[in-house]
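Biologist: I'd like a close look at one part of this protein, taken strand by strand. Pick a small sheet and tell me how its strands sit next to each other, then show me a few other spots for contrast.

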Amino acid sequence: MKTCTILLLALALLGLGAPRAVAQTSPSAPAAAAPVAAPKRQLQAVRISEAIKLDGVLDEALWQQAPVATDFIQNRPKPGPREQHPTEVRILYDDAAIYVGAIMHDVAPDSIKRELSARDNLPNTDFFGIFLDTYHDKLNGYGFIVTAGGVQADARYSPASGEDFAWNAVWDARTAQRGTDWVAEMRIPYSAIRFSTAEVQEWGLQFMRQRQALRQGFFWSEVKPEVDGFVNQWGELTGLKGLKPPLRLSLTPYISGYVNHNPLNAEGTRRTTTSFNGGADVKWGINESFTLDATLVPDFGQVQSDNQVLNLSPFEVQFQENRQFFTEGTELFNKGNLFYSRRVGATPIGFYGVGLADNEKLVRNPAETRLLNATKISGRTSKGLGIGLFNALSNDVYATVRNTESGEEREVLTQPFSNYNIAVLDQSLKNNSYVSLINTNVTRWGSTYDANVTGGLFRFANKKNSYAVDGSLVYSRRRGTQFGSDKPIDDQNGFKYTVGVGKISGNFTWGFNHRIESDHYNPNDLGILFGNNNITQSAYANYRIFKPFWKVNNMNFYSEVGHQLLYRPTRYQNMYFYNGFNTTFTKNFLQVGYDFMHVPVSHDFFEPRTFPLGDYYVRVPANTDWIGFLNSDTRKRLSVGVNAGATYYSQDERLPGPRPRRLRYRAGFYPRFRVNDHLTFRYSLDWSLQRNQIGYVNGGLSADEPLDLPFRSQILLGRRNVATVTNVAQVAYTFTNRMSFTLRLRHYTSNVRYQDFAVLQEKGQEFLADYRRNRDNTYNAFNVDAVYSWWFAPGSQVNIVWKNAGNTYLLAEQATPQYFDNFNNTINTPHNNSLSVKVLYYLDYLALRRRR
């Protein structure tokens, strides 16, 4: 499970903590000269022929023969100073792997923090990491990290995905504490990375050490936070000769068993069911540069439950991707943000359109499309050309309908056999630049429609890496008929283009951006776009102080101004003025900040749900939004994060009354208590209240409701109060650095209470309506995810998962604004329960050959 701890750390280290927005500049701020990256450091690796025992004890004489990398340079909280407690790193290599030995000296044994966690999680702990740019293109790299407690983490680095901790490799590490020192010994097999076949090679190299006691981060090759980029600031690894990329071939078969109990199953079906599954993941190194990853008959039943919410907006809800195959090694496929992986295996396109006769009922309607297989081929040549191919197949999906009189059943197709495909070309250029081409395609069998999207991307930076221009041009094409209909599909041809220019390095950065999405641009068959038909312009500026002064470690100011028009017809939508600030105090590492935004009167063309856009819009009064936040020191056993904000709207006097003023309040409370290095409790509470919100009446109007009939031909808006509360409680117990248990409970409730109704007419005109139907509603969702995980060998794992899920949707008089009534209602509602066991075993061809 990846956590935001890692991302926050990366943002701090890479100087990306502020959004692309920004800031006022001081009159004395140097805005012209671009900072220069530090001189490159070099370290020579030593080839060995004897075996190294991986035990966290560097007692082999071979370690003393290797040159030492030391004299690390602090990056945070104060960039520039040399480390006072030295770090010593050596690198050895043989025909199979790179070996890293690191000794981290410290002042006292209790100064070394060792909190344990699940893999890829960096909590309150010291850690050491090595970073490799194997093609030395200064854009793409690998990261391998081990904590003082022996917990492993790994990541990929690229312009498309930044720091991607979803990537996993099979490697090994051991750590040990020796008095006031701790030692890390790592073995990174060549099968975990990719590199060229050149006889003599030079790789980009970086080391990092975290001293958590003082929250100090050190790099071997200085990383200046005011310089744009991370990989381009690494040093160099020399002495690599005669490396032969191995045959990278591995098979990870799995078996899994499920027991499901669903008390809400339709009458005549079994409430408790069992199932057994089997499949495998295959990884094959086609050559030294490219790897094929395939999952055959995949099973994603153990992934964390989605955070279901009540959606009142005109746009779909975007869910987080938790399936490992779609989060690992996808940096190429994410170019241009044209791939939303949740489309693969998503809800069938005919799920909501199953037609029933008067004497029929729906017995079974699968909400997910089962994949047959998915395959990725990706890599990068020695010339910096990245190539990615993705393909997935899903089978037909059928709903089952039963005749209530005869008992006869029939099947209704809800999703035809489908093929999902992505192809990417990404050429790395000098100066942290690139050009890319990406194509996504969805082909569905039968009488329905297919979709294709093609995009070109570029980024060019000057030699000093101080200024850059970027942009994209994307074309979407859809052909065929709507599913289950002879009506031609809409949005057949569309386009999007973006262009931006700005200063990217230094304390003061700025930029301008322009974007157009045409009225028929639609990438949503394999991507995600919440609304097209837009013309957007924005300008941002950012001023950052990286070195401590007064009582703070750093300071960040950011501002942005933007303007948006409807593309066709060209009409005003909105403007915004945004400003923010954050800082961290030196002694107690208290983080504080705020975000402020003012939006003049705006026109929401999407809320009325009428197409084509342009004639109808909901007028939103001018409003000012503010939110402040505070985060305490995470080194303490008890740490707390809090935020609070409000949105204040101008008075809307167009209706008699006048209409009550809109208001929005929100707050969050996020405590964490670390009992010891094994046990941690976390809790989060998010609350929001929107008063007098104006919106489309959710659920629409029904022809079966007599009170709806007079308004069926009109656009009905409601003035409503919406109260939402989300509670998440988590407990994590880590037995060892390879065995953990986590329990996550989430309760979500959202209550909608309508005050009055109005009919919307052209140009935003609203007239009160005598609409009598009670449209109040309450949505509750409750989930439990309990996961026991044991990495019993590199790449091999046992997972035991219990999942409990239930939700209720209460309408009219049943809806209640009382939180505890909703909580009790949710708990007492029958839930779906699932208990599963899944075993994965990693088989590496090279290891099997050596044993044989």
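Modeller: One bit of vocabulary to begin with: two strands count as paired if DSSP finds at least two bridges between them. Also keep in mind that this is a predicted model.

Let's go for the sheet built around β21. It's an open sheet of 3 strands in the order β18-β21-β22, with antiparallel pairing. The edge strands are β18 and β22, and each of these pairs on one side only. On average, neighbouring strands here are turned by 35 degrees against each other, if you ignore direction.

Now zoom in on β21 itself, which covers residues 397-403. Of its 7 residues, 6 are buried, so β21 is largely enclosed by the rest of the structure. Buried, by the way, means under 20% relative accessible area.

On one side of β21 you'll find β18, made of residues 360-364, and the two run antiparallel with 4 bridges joining them. You can spot this pairing by looking at E360, which stands opposite N403 in β21. Then hop along to R364: its bridge partner in β21 is T400.

T400 also helps you find β22, since it stands opposite E411 in that strand. β22 spans residues 409-415, and its antiparallel pairing with β21 runs over 6 bridges. β21 and β22 make a hairpin with 5 residues between the strands. Look for G407 in that hairpin: it has a positive phi near 80 degrees.

For contrast, here's another sheet. This one is also open, but it has 5 strands, in the order β2-β4-β5-β11-β10, and its pairing is mixed. At the edges stand β2 (46-47) and β10 (172-178); each has a single partner strand, so one side of each is left without a neighbour in the sheet. Inside that order, β4 (residues 87-93) and β5 (residues 97-105) pair in the antiparallel sense, with 7 bridges between them. One of the places to check is Y93, whose bridge partner in β5 is I98.

Next, a single residue: Q206, which belongs to strand β12 (residues 200-211). Q206 counts as buried because its relative accessibility is 0%. Its side chain has polar company, though. It reaches the backbone nitrogen of W220 at 3.3 Å, and a polar atom of the Q206 side chain lies 2.8 Å from the backbone nitrogen of S221. If you set aside neighbours within four places in sequence, the contacts of Q206 include G129, I130, F131, F219, V223, Q233 and W234.

Last stop, the empty spaces. The model has 5 cavities of 30 Å³ or more. The largest cavity has a volume of about 150 Å³. It's lined by 15 residues, and those closest to its centre are Y135, N140, Y142, R156 and R380. Two elements give two or more residues to that lining, namely β7 (141-147) and β19 (371-380). The largest share, 3 residues, comes from β19.

Methods
Residues numbered from 1 in each chain as written. Predicted model: local features only at pLDDT ≥ 70, side-chain atom pairs only at ≥ 80, totals over all residues. Heavy atoms only, no water. Buried < 20%, exposed > 50% of the residue type's maximum accessible area, 1.4 Å probe, protein only. Axes fitted to C-alpha atoms, helices over the stretch in contact; angles between N-to-C directions. Polar contact = N/O pair within 3.5 Å; in protein donor to acceptor, adjacent residues only side chain to side chain. Contact = heavy atoms within 4.5 Å. 1 Å grid on protein atoms, 1.4 Å probe; cavity = no way out; pocket = protein on both sides within 12 Å on 5 of 7 lines; lining within 4 Å. Points joined across faces, edges and corners; volume = space filled by probe spheres on them.
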